[in-house]
Amino acid sequence: MESQNMTVISEFLLLGLSDDPEIQLLLFGMFLFMYLVTMLGNLVIILAIRSNSHLHTPMYFFLSNLSIVDIAFTSTMIPKILYDTHTHNKIISYVHCLIQLSLFNLFGCMESLLLTAMAYDRFVAICQPLHYSLIMNPRLCGQLVLISFFISLLDSQLHCSMVSKLTFCTDVEISNFFCNPPQLLQFACSDTSASTILIYCIGAIFGAAPGSCILFSYTRIVSTILRIPSSSGKYKVFSTCGSHLSVVGLFYGTGLGVYFSSVVSPSLRSGAVASVMYTIVTPLLNPFIYTLRNRDIKIALHRVFNRRAHF
């Protein structure tokens with residue numbers, strides 16, 4: 001009898017940030033502007049790196065891949081937000097929800113792993129400068145990006161498999177603008193104990209492990225910098241890590257905000273605000289952080305725009 005009375009839900013409602021039409025119009029303009037700036041900023045960085053042979057180094061190779069991932073990461077969210085805000089239709093189908101959370105975890109995990117590869121690059125450059133060219137060769141850099149992709153794909157499929165095994169019997173109203181696995185667990189009418197354990201294990205493996213590697217790399221970097229006798233030498237070496245440290249702090253800081261807001265208060269829209277910082281603001285600010293704090297990128301952009309002006 002229970003199986004006959006059970007109604008399987010095939011679509012979810014994304015509550016987003018607000019139901020007020022005036023605020024939604026403001027949000028539409030804000031998200032559209034942020035999306036265009038994110039796309040333009042990251043495309044400009046990719047163009048600057050690809051067009052300047054002096055930037056064909058491991059650090060900028062990883063940075064160009066990070067910009068590609070930022071574009072893809074943002075594109076999994078904002079087009080849907082713009083569509084929902086414009087049409088006032090916040091329904092997402094079960095299949096589209098699975099696709100969205102798969103892409104979200106794929107690009108989110110890959111960004112984390114690319115930041116880890118960049119931390120390793122800085123570690124080798126500062127702690128083992130004489131062996132830098134030998135260790136960070138083009139083959140290893142390509143392998144690190146490929147490994148990052150396949151590990152991220154595994155993380156994505158684990159999340160997708162976990163959610164696909166859940167059964168939803170009541171109307172699901174997600175207090176966010178995308179399908180967030182911890183929030184979906186709250187609405188499942190099937191047993192979620194195994195899924196809850198799995199999501200914590202996935203978070204520990206694919207989230208904490210890269211963070212630990214970054215922390216270890218910078219512990220060694222700081223130890224090496226402290227042994228430099230002159231203050232100017234310390235500043236010069238540490239300045240090469242400033243942009244990367246800023247991006248790491250922004251990415252993991254907002255990521256932890258999303259995680260704790262969804263676990264502590266899954267029914268509140270406050271988690272949606274933290275999600276905006278993580279999924280939209282972080283990819284938006286990354287190009288500015290690397291542009292404003294990086295002299296090489298500034299010179300490359302200047303040459304690109306001068307070349308375009310002559311044409």
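**Note on the predicted model: sheet, helices and buried contacts**

1. In this predicted model, strand E1, which covers residues 11–14, pairs with E3 in the parallel sense, and two bridges join them. Within this part of the chain, Leu13 stands opposite Glu173, a residue of E3. Helix H5, made of residues 94–127, packs on the sheet and touches both E1 and E2, and its direction makes about 85 degrees with that of E2.

2. The sheet as a whole is open and has three strands in the order E2-E1-E3, with mixed pairing. Strand E2 (91–93) and strand E3 (173–174) stand at the edges, and because each has a single partner strand, one side of each is left without a neighbour in the sheet.

3. For a reader new to the chain, some overall values may help. The secondary structure comes to 13 helices and three strands, and of the 311 residues, 48% count as buried. Among the contacts between residues at least 6 apart in sequence, 78% join residues at least 24 apart. The accessible surface of the chain comes to about 15,800 Å², and carbon and sulfur atoms account for 68% of that surface.

4. Helix H11, residues 242–264, holds Val248, and Val247 lies in H11 as well. Val248 has a relative accessibility of 10% and therefore counts as buried, as the cut-off for that word is under 20% relative accessible area. Val247, at 0% relative accessibility, also counts as buried.

5. What do these two valines touch, once residues up to four places away in sequence are set aside? Val248 touches Leu115, Ile214 and Gly253, while Val247 is in contact with Leu115, Asn286, Ile289 and Tyr290; Leu115 thus appears in both lists. The C-alpha atoms of Val248 and Thr116 are separated by 9.0 Å, although these residues are 132 residues apart along the chain. For Val247 and Asn286, which are 39 residues apart in sequence, the distance in space is 6.3 Å, C-alpha to C-alpha.

6. The structure holds two salt bridges. Side chains of opposite charge can pair when their charged atoms come close. In one of the two, the side chains of Asp84 and Lys80 meet at 3.0 Å, N to O. Both residues lie in helix H4 (residues 78–87), where they are four residues apart, about one turn of the helix. Are these partners buried or exposed? Asp84 counts as buried, with a relative accessibility of 6%, and Lys80 is buried too, with a relative accessible area of 18%.

7. The side chains of Arg122 and Asp121 also meet in a salt bridge, here at 2.9 Å, N to O. Arg122 is buried, its relative accessible area being 9%, and Asp121 is likewise buried, with a relative accessible area of 0%.

8. Which residues make the nonpolar surface patch? Leu146, Phe149, Phe150 and Leu153 make the patch, which has an area of about 360 Å². One of these residues, Phe150, has its place in helix H7, which runs over residues 138–164.

How values were computed:
Residues numbered from 1 in each chain as written. Predicted model: local features only at pLDDT ≥ 70, side-chain atom pairs only at ≥ 80, totals over all residues. Heavy atoms only, no water. Pairing = 2+ DSSP bridges. Contact = heavy atoms within 4.5 Å. Axes fitted to C-alpha atoms, helices over the stretch in contact; angles between N-to-C directions. Patch = residues over 30% accessible without salt bridge, like charges linked within 9 Å, V, L, I, M, F, W, Y side chains within 5 Å. Areas by Shrake-Rupley, 256 points an atom, 1.4 Å probe, with all protein chains shown as cover. Salt bridge = Lys/Arg side-chain N within 4 Å of Asp/Glu carboxyl O. Buried < 20%, exposed > 50% of the residue type's maximum accessible area, 1.4 Å probe, protein only.
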